[in-house]
Amino acid sequence: MKLSPNSTISVDALRGAIVTNKHGSEFKCIGLALNISPTNLLEPILHLEEYDGEGELMEGTLGIPLSSLDGWSIQLQPLN
């Protein structure tokens, strides 16, 4: 996922975003967490639910490190 330098985004803006991997699979963002390594490094983790072939959300969640999202895109949804 490519971000512009000096960008900021709130966690609330990520909730509900549609995330697409480089193979075209779509996911719904349900949150963001911080993984703390044994050496106290912080790794942001995007929590996602995957859509099936009919556009329905599948059971279970995935935690994907932001550093692993190379080639992915994110479409933010308007806040209501």
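Me: Which residues is Leu48 in contact with, leaving aside its neighbours within four places in sequence?

Reply: This is a predicted model, in which local features need pLDDT of at least 70 and side-chain atom pairs count only at pLDDT 80 or more, while totals for chains, interfaces and linings use all residues. Residues are numbered from 1 along each chain as its sequence is written, and side-chain values use heavy atoms, with hydrogens and water left out. Contact means heavy atoms within 4.5 Å, and with that rule, once neighbours within four places are set aside, Leu48 is in contact with Val19, Phe27, Lys28, Cys29, Ile30, Gly60, Thr61, Leu62, Ile64 and Trp72.

Me: What makes up the largest nonpolar core?

Reply: A nonpolar core is a set of buried Ala, Val, Leu, Ile, Met, Phe, Trp, Tyr and Cys residues joined through side-chain atoms within 4.5 Å. The largest one here has ten residues, namely Leu14, Ala17, Val19, Phe27, Cys29, Leu46, Leu48, Ile64, Leu69 and Trp72. Strands β2 (26-36) and β3 (42-50) each supply at least two residues of this core. In soluble globular proteins, nonpolar side chains tend to be buried together.

Me: Why does Phe27 count as buried?

Reply: Buried means under 20% relative accessible area, exposed means over 50%, and partly exposed lies in between, with a 1.4 Å probe and protein chains only. Phe27 has 5% relative accessibility, so it counts as buried, and Trp72, at 14%, is buried for the same reason.

Me: How do you know how the pair of Phe27 and Trp72 is arranged?

Reply: Rings of Phe, Tyr and Trp (its six-membered ring) pair if their centres lie within 6.5 Å, and planes under 30 degrees apart count as stacked, over 60 as edge-to-face and the rest as tilted. By this rule the count comes to one aromatic pair. The ring centres of Phe27 and Trp72 are 5.4 Å apart and their planes stand at 25 degrees, so this pair is stacked. The pair links distant parts of the chain, with Phe27 in strand β2 and Trp72 in the loop between β4 (62-65) and β5 (73-75), 45 residues apart.

Me: Why does Leu14 count as buried or exposed?

Reply: Leu14 has a relative accessible area of 11%, which puts this residue in the buried class. Leu14 lies in helix α1 (residues 11-14); helices (H or I, at least four residues) and strands (E, at least two) are DSSP runs, numbered from the N terminus. Leaving aside its neighbours within four places in sequence, Leu14 is in contact with Ile9, Cys29, Leu32, Leu46, Ile74 and Leu76. The C-alpha atoms of Leu14 and Gln77 are separated by 8.0 Å, although these residues are 63 residues apart along the chain.

Me: Why does Asn21 count as buried or exposed?

Reply: Asn21 has 13% relative accessibility and therefore counts as buried, and its place is in the loop between β1 (18-20) and β2. A polar atom of the Asn21 side chain lies 2.9 Å from the backbone nitrogen of His23, and a polar atom of that side chain also lies 2.9 Å from the backbone nitrogen of Ser25. Setting aside neighbours within four places in sequence, Asn21 is in contact with Phe27, Gly71 and Trp72.

Me: How do you know which way β1 and β2 run?

Reply: Two strands pair if DSSP finds at least two bridges between them, and three bridges join β1 to β2, which run antiparallel. Thr20, found in strand β1, stands opposite Glu26 in β2, and Thr20 counts as buried at 18% relative accessibility. The hairpin of β1 and β2 has five residues between the strands, and in it Gly24 takes a positive phi near 95 degrees.

Me: In which sense do β2 and β3 pair?

Reply: β2 and β3 pair in the antiparallel sense over nine bridges, and Lys28 stands opposite Glu49 in β3.

Me: What makes the phi of Asn40 worth a remark?

Reply: Most residues other than glycine have a negative phi. Asn40 has a positive phi of about 65 degrees although it is not a glycine, and this residue is in the turn of the hairpin that β2 and β3 form, with five residues between them. With a relative accessible area of 62%, Asn40 is exposed.

Me: What pattern does the protein follow, read along the sequence?

Reply: The protein has one helix and five strands, in the pattern α-β-β-β-β-β. Of its 80 residues, 21% count as buried.

Note on methods
Polar contact = N/O pair within 3.5 Å; in protein donor to acceptor, adjacent residues only side chain to side chain.
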